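Thanks for sharing this one with me. Here are a few notes to read alongside the model.

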Amino acid sequence: MSLASGVRTICPEDSAEAADVLARVMPDGPLERWLVPDPGESLAFHRAVFIQLLKQAQAWGCTHVWGDPIVGVALWLERPAIGAAEGMSPAGDLRRSIELSTSARDRLDHFTKVMQRSRERARPDRHAYLDSLAVLPKHRHQGIAGRLLDAGHG
């Protein structure tokens, strides 16, 4: 298993592995703990979120990964201008793909509305952005995140 394999663009068969890396790293933040406070629900919820975001990135974004097995992921998404077709809705797809408590569903709906309002004010034009960047803890401080960022800017 070579971790020095460099940056590569994700292929569909890598989606589950990349979603797992993102889900294992991302649930540590306060927003994630607010969205899904139940630790039993959290990992499954975050895997489902990232599966949907990876589908969205494959449709009109870009995802780079590092390593075999994957230890780092950079997920870039493109947002159309306000009023243009939005494409897929990760929140809507999530509601169908994973069993969530009522309170978690309510928090997800609230978060989605707040983010949409924020986007309308802050950046109404078409743009690309880094949605998620994750490197598994034991592989940090080796320049992997920097290389993933460089690939997305290239």
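**Notes on helix α1 and its surroundings**

1. A good place to begin is the enclosed part of the fold. The buried residues of α1 are S15, A18, A19, D20, V21, L22, A23 and V25. That makes eight of the eleven residues in α1, so the helix is largely enclosed by the rest of the structure.

2. Please keep in mind that this is a predicted model. Mean pLDDT for the protein is 79, with 77% of residues at 70 or more. Helix α1 (residues 15-25) has the highest confidence, at 92, while helix α4 (residues 90-97) has the lowest, at a mean of 54.

3. I would read residues 88-92 with care: pLDDT stays under 50 there, and the model gives this stretch ten contacts beyond four places in sequence.

4. Now to the interior. The largest nonpolar core contains 33 residues, and A18, L22, F50, V73 and L75 have the most contacts inside it. At least two residues of this core come from each of α1, α3 (39-60), β2, β3 (72-79), α5 (102-122), β4 (127-135) and α6 (144-153).

5. A18 deserves a closer look. Beyond its neighbours within four places in sequence, A18 is in contact with I10, L54, V65, I70 and V73.

6. Is H64, in strand β2 (residues 62-66), buried or exposed? With a relative accessible area of 8%, H64 falls under the 20% cut-off, so this histidine counts as buried. Leaving aside neighbours within four places in sequence, H64 has contacts with V7, R8, T9, G72, V73, A74, W76, L148, A151 and G152.

Key. Residues numbered from 1 in each chain as written. Predicted model: local features only at pLDDT ≥ 70, side-chain atom pairs only at ≥ 80, totals over all residues. Heavy atoms only, no water. pLDDT = per-residue confidence, 0-100. Helix = DSSP H or I, 4+ residues; strand = E, 2+ residues; numbered from the N terminus. Contact = heavy atoms within 4.5 Å. Buried < 20%, exposed > 50% of the residue type's maximum accessible area, 1.4 Å probe, protein only. Core = buried A, V, L, I, M, F, W, Y, C linked by side-chain atoms within 4.5 Å.
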